[in-house]
Amino acid sequence: MKLNLNIEPLENWLTANNQPLLISGPCSAETEDQLLTTAHLLAATGKVSVLRAGIWKPRTRPGEFEGIGSIGLEWLKRAKAETGLPTAVEVANAKHVEEALAAGVDILWIGARSTVNPFTVQEIADALQGHDIPVLIKNPVNPDLQLWIGAIERINKAGITKIGAIHRGFSSFEKSSFRNEPMWELAIQLKTLCPDLPIINDPSHICGNRELIPYISQKALDLDMQGLMIESHLDPSVAWTDAKQQLTPAAVSELMDRLTVREPESTNEAFVDKLADLRKSIDKIDDLLLQKLGERMSIVEKIGEYKRDNQVTVLQVNRWDEILKKGTAFAKALKLDEHFTEKFLELVHGESIRKQTEILNAGKVTQEGIAAEQHTEVKA
């Protein structure tokens with residue numbers, strides 16, 4: 001079901017100096033000279049459309065640098081006047097909104113720590129009532145699509161129609177190469193629910209280190225995201241926050257030159273016809289897959305009934321190990337990704353367990369119900 005949102009097309013409120021759209025600037029505004037110098041270097045590349053800077057910084061523990069505060073808005077105002085770049089800042093409460101609007105900030109964004117809290121988002125939404133300013137909404141820290149959608153809806157209901165989402169990855173207990181797991185499927189689900197919503201990728205926060213930024217940036221563009229937000233510092237080695245994930249302006253420019261921008265559609269009739277034929281083939285295979293899954297689940301139900309009648313537990317670990325070992329080996333021979341195969345088999349196995357458990361419990365409930373009725377009749 002599509003989301004019922006009133007959103008203006010991105011090109012109506014934000015013009016890209018180049019393709020793809022790039023929002024860039026320091027993680028934190030540290031000093032006036034640092035911000036202005038970085039801004040001028042970024043503007044000189046001709047590739048940056050919006051200058052970003054952290055003014056208020058929510059930190060995990062007290063005592064860490066929590067942003068330069070309101071004085072940084074004056075630095076941003078000067079950077080805008082000197083470079084011509086529109087500016088963007090993160091806001092986390094009504095006071096931030098009021099100060100940013102008073103300082104002439106062009107774009108606001110709501111951070112991941114704020115998106116996770118509906119009270120915070122509603123406070124920001126209330127402060128935005130009556131204003132016409134673009135708002136970008138980062139995904140919540142935890143992988144909860146409904147929280148992300150809820151934040152977007154709250155801002156939209158406040159009368160803001162210039163809205164975009166920022167995909168910055170999600171926290172995970174699993175150790176990986178990323179600071180925040182991309183979990184691309186959640187961004188894809190959001191785009192599916194609201195095709196008109198522009199989504200901008202934040203490779204800096206996904207990666208946590210500059211080495212991986214080119215890979216994530218290209219993948220985001222290949223998934224038809226509308227732009228990138230990349231942190232940049234004139235000298236990342238001395239940055240006060242997130243030093244490892246910031247690029248120099250020169251490195252940002254080099255990165256943008258190396259990225260390949262592809263179109264979501266093609267006007268080439270031969271391409272369109274060939275693609276349609278291939279998709280028809282996929283549709284037939286998908287139908288067959290679903291049919292075979294249906295047949296498999298019918299057998300699973302029979303197994304569940306047989307286990308119920310013979311007082312056997314639903315789960316046999318040895319059987320699951322056998323399925324996993326055999327399935328991954330076969331998938332490897334078919335050149336299928338091992339991780340994908342394991343996830344697929346786990347989903348199918350999980351549904352099998354659910355069905356069999358349901359059958360065992362249904363039998364138990366029925367017997368208990370009969371016993372209860374008999375007990376009532378005896379008492380009567």
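The exercises below concern a predicted model, and each is followed by a worked solution.

**Exercise 1. The barrel**

State how many strands form the closed barrel and how its strands pair, then find the bridge partner of Ile23 in strand 2.

Solution.
- Step 1: The closed barrel has eight strands, in the order 1-2-3-4-5-6-7-8, and the pairing is parallel.
- Step 2: On average, neighbouring strands of this sheet are turned by 30° against each other, direction ignored.
- Step 3: Strand 1 covers residues 21–25 and strand 2 covers residues 50–52; two bridges join these parallel strands.
- Step 4: The partner of Ile23 in strand 2 is Val50.

**Exercise 2. A residue in a loop**

Decide whether Ser28 is buried or exposed, and list what Ser28 touches beyond four places in sequence.

Solution.
- Step 1: Locate the residue: Ser28 is in the loop that lies between strand 1 and helix 2.
- Step 2: Buried means a relative accessible area under 20%. The value for Ser28 is 1%, so Ser28 is buried.
- Step 3: Leaving out residues up to four places away in sequence, Ser28 touches Gln34, Gly54, Lys57, Phe65 and Thr241.

**Exercise 3. The two sides of helix 11**

Work out why the buried residues of helix 11 line one face of the helix, and say what covers them.

Solution.
- Step 1: Helix 11 spans residues 249–258, and its buried residues are Pro249, Val252, Ser253, Leu255 and Met256.
- Step 2: Viewed down the axis of helix 11, these buried residues fall within an arc of 160°, so they line one face.
- Step 3: Turn to the other side of helix 11, where Ala250 and Asp257 are exposed.
- Step 4: The cover over the buried residues includes strand 1, helix 2 (32–45), helix 10 (213–222) and strand 8 (227–231).

**Exercise 4. Nonpolar cores**

Find how many residues the largest nonpolar core has and which helix gives the largest share of this core.

Solution.
- Step 1: The largest nonpolar core has 67 residues; those with the most contacts inside it include Val89, Leu108 and Leu190.
- Step 2: Helix 7 (residues 145–157) gives the largest share of this core, six residues.
- Step 3: Another core, of 13 residues, lies apart from it, and Leu10, Trp13, Ile23 and Trp109 are among its residues.
- Step 4: Beyond four places in sequence, the contacts of Val89 include Ala53, Ile55, Leu73 and Leu108.

**Exercise 5. Domains**

Give the bounds of domain 1 and domain 2 and say how far apart their C-alpha centres lie.

Solution.
- Step 1: According to the domain assignment, domain 1 is 10–258 and domain 2 is 269–362.
- Step 2: The C-alpha centres of the two domains are 40 Å apart.

Methods
Residues are numbered from 1 along each chain as its sequence is written. This is a predicted model: local features need pLDDT of at least 70, side-chain atom pairs count only at pLDDT 80 or more; totals for chains, interfaces and linings use all residues. Side-chain values use heavy atoms; hydrogens and water are left out. Two strands pair if DSSP finds at least two bridges between them. Helices (H or I, at least four residues) and strands (E, at least two) are DSSP runs, numbered from the N terminus. Axes are lines fitted to C-alpha atoms, for helices over the stretch in contact, and angles run from 0 to 180 degrees between N-to-C directions. Buried means under 20% relative accessible area, exposed over 50%, partly exposed in between (1.4 Å probe, protein chains only). The arc is that of the directions from the helix axis to the C-beta atoms. Contact means heavy atoms within 4.5 Å. Domain bounds come from an automatic or database domain assignment. A nonpolar core is a set of buried Ala, Val, Leu, Ile, Met, Phe, Trp, Tyr and Cys residues joined through side-chain atoms within 4.5 Å.
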